[in-house]
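This report describes how two protein chains meet each other and how they meet two strands of DNA. The sequence and the structure are shown first.

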There are 2 protein chains.
Amino acid sequence: MATIALLGLEKKSLREQALAALRTAITSGALEPGRHLVETELSEMLQISRGTLREALRQLQQEGLVSAGARGRLSVRHLDAKEIRDIYSVRAALESLAARTLCELPDRQHVIGSLRASIQAMESATQGTLEERVESDLDFHRTMCRLTGNETLLHSWESLEGSIRMSIMFAGLEKGVRNMSVDRHNDIVAAIETGDATLARDTIREHMDSAAAVLVA
Amino acid sequence: MATIALLGLEKKSLREQALAALRTAITSGALEPGRHLVETELSEMLQISRGTLREALRQLQQEGLVSAGARGRLSVRHLDAKEIRDIYSVRAALESLAARTLCELPDRQHVIGSLRASIQAMESATQGTLEERVESDLDFHRTMCRLTGNETLLHSWESLEGSIRMSIMFAGLEKGVRNMSVDRHNDIVAAIETGDATLARDTIREHMDSAAAVLVA
DNA sequence: CAGAGGTCGACTGTTTACAGTCGCCGTGTT
DNA sequence: AACACGGCGACTGTAAACAGTCGACCTCTG
């Protein structure tokens, strides 16, 4: 196998570059689910030492992209239908909290603006590649979490992000993208704007349920 | 032979031992918040090499017990009142999902039994040390997440566990323990038993809100 | 031919060594 | 006295080496 490029991240530590490269390799399918990850092999691909690689792998493991087998053997995690549904349940819970938090803000104009901008970016990406559309979709949801100002919430969501990407990849990008609807996002923002936390929660739950359903179909 | 089985169970990697030791050191206050963590210093304390230590630190970092400063300098995370409230918000969201999931199970008898057993253990610990009482309390909540069978949910909760422990420590064990009520837990189980997800959610939220309020007071 | 060793190879666990960087502090200059 | 400079020490980033373990395959023996 050819080397995995570490482009665009020259400023950061090798560990972070490796982490990003591995994440991409896994969520893009270059490293297919179930694949056994051999440290010496990967460190050669990435042109880094094993020690540095191992640090990155620990992080990946915690994110759930990599799972441990006997004697520390690592492999790319394989997601089955139930796991995808589970991931989306947790995702829905986190994003519902995000929406509720935003609903309770006294002044939501700035928040609404940012969210609408994110939706706009998504509309612009309609003509782009599948990957770009997925990115813009995840951006919206990540933005929602970030705008709450709750770092713990954002961090929890981000540690789920890799699994979400894998879910989409697992089911095929087409399916994942087909489910992405600008309308749904507009509904969420509208609910937040009126401060209706219950409606926002229900909208998000429906969004997540149908997304999970499409992915496992 | 018993010895063979025991060998497999008690032998963990140095990394895991170090991880557990560091977690304990931080949540017990031996390593106070804000303290700068020097790798060579820690590796000497723990009698392990820096490489092994660094892997453990990455995991600790992801759990939020350790935060990174300039040039990779790590220090024990310091939680302020807002962060504690934020952590408990996310915790409430996750446990609400757990309760709702359990409410939707067709046959909940086994679950109810396990939860009541956990509460029983908590009552037994009433006479124990403060640490033991905190442990039994966390056990109940962790059990609730585990019983859902949603590994992602359990994992998300567990990655918050360290922060929860820090919150309790930050406010002083007495305060944390004073807030632990067997009644509250019984209320949660009762709600799950009747399948009333809304009631379970509200009970958990109140529980979490008041816990956070006590801790930051 | 079956099965008990026994060597080999492939990995992971762990340690040790080396390189780079930043702040500190003393020194010399003006 | 203020300031620029340069050596020094303290850390982190990174690499390379060493050790232990388990499975595969091969061989010898009954």
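## DNA strand D

In this predicted model, a backbone N or O atom of Arg71(B) is placed 3.4 Å from a sugar or linking oxygen of DNA strand D. The surface near this strand receives two or more residues from each of helix H1 (14-27) and H3 of chain A, and from each of helix H3 (39-46) and H4 of chain B. H4(B) contributes the most to that surface, with three residues.

Around DNA strand D there are 18 residues, of which Leu14(A), Ser49(A), Arg71(A), Glu39(B) and Arg54(B) come nearest. Two of the polar approaches end on phosphate: a backbone N or O atom of Glu39(B) lies 3.0 Å from a phosphate oxygen of the strand, and a polar side-chain atom of Arg54(B) lies 2.8 Å from a phosphate oxygen of DNA strand D. Sugar or phosphate accounts for 76% of the atoms of DNA strand D within 4 Å of the protein, and bases for the rest. The surface near DNA strand D comprises nine charged, five polar and four nonpolar residues.

## DNA strand C

DNA strand C is surrounded by 20 residues, and the closest are Arg50(A), Arg54(A), Leu14(B), Ser49(B) and Arg71(B). The side chain of Arg50(A) has an N or O atom 2.9 Å from a base oxygen of DNA strand C. Arg71 of both chains approaches sugar or linking oxygens of this strand: Arg71(A) through a backbone N or O atom at 3.4 Å, and Arg71(B) through an N or O atom of its side chain at 3.2 Å.

Of the atoms of DNA strand C within 4 Å of the protein, 65% are sugar or phosphate atoms and the rest belong to bases. In chain A, S1, helix H2 (39-46) and helix H3 (50-63) each supply at least two residues of the surface near DNA strand C, as do helix H2 (14-27) and H4 in chain B. This surface divides into nine charged, seven polar and four nonpolar residues.

## The interface of chains A and B

The contact between the chains draws 27 residues from chain B and 27 residues from chain A. Together they bury about 2400 Å², of which 49% is on carbon and sulfur atoms. On the side of chain B, Glu55(B), Arg58(B) and Gln62(B) lose the most area to chain A, together 26% of what that side buries.

Four salt bridges are counted between chain B and chain A. One of the pairs across the interface is Glu55(A) with Arg54(B), whose side chains meet in a salt bridge at 2.7 Å, N to O. There are also 11 residue pairs in polar contact across the interface, with both residues at pLDDT 80 or more. Helix H4 (50-63), helix H5 (81-103), helix H8 (151-171) and helix H11 (197-216) of chain B each provide at least two residues of the side that touches chain A. The largest share, nine residues, comes from H5(B). By class, this side of chain B has 12 charged, eight polar and seven nonpolar residues.

## The sheet of chain A

In chain A, three strands form an open antiparallel sheet in the order S1-S3-S2. Strand S1 (36-37) and strand S2 (66-68) are the edge strands, each pairing on one side only. S1(A) pairs with strand S3 (residues 74-76) of chain A in the antiparallel sense over two bridges. His36(A) has Ser75(A) in S3(A) as its bridge partner.

Methods: Residues numbered from 1 in each chain as written. Chains lettered and ligands numbered in written order. Predicted model: local features only at pLDDT ≥ 70, side-chain atom pairs only at ≥ 80, totals over all residues. Heavy atoms only, no water. Contact = heavy atoms within 4.5 Å. Buried area = accessible area lost by both parts, 1.4 Å probe. Polar contact = N/O pair within 3.5 Å; in protein donor to acceptor, adjacent residues only side chain to side chain. Helix = DSSP H or I, 4+ residues; strand = E, 2+ residues; numbered from the N terminus. Nonpolar A, V, L, I, M, F, W, Y, C, P; charged D, E, K, R; others polar. Pairing = 2+ DSSP bridges. Near = heavy atom within 4 Å.
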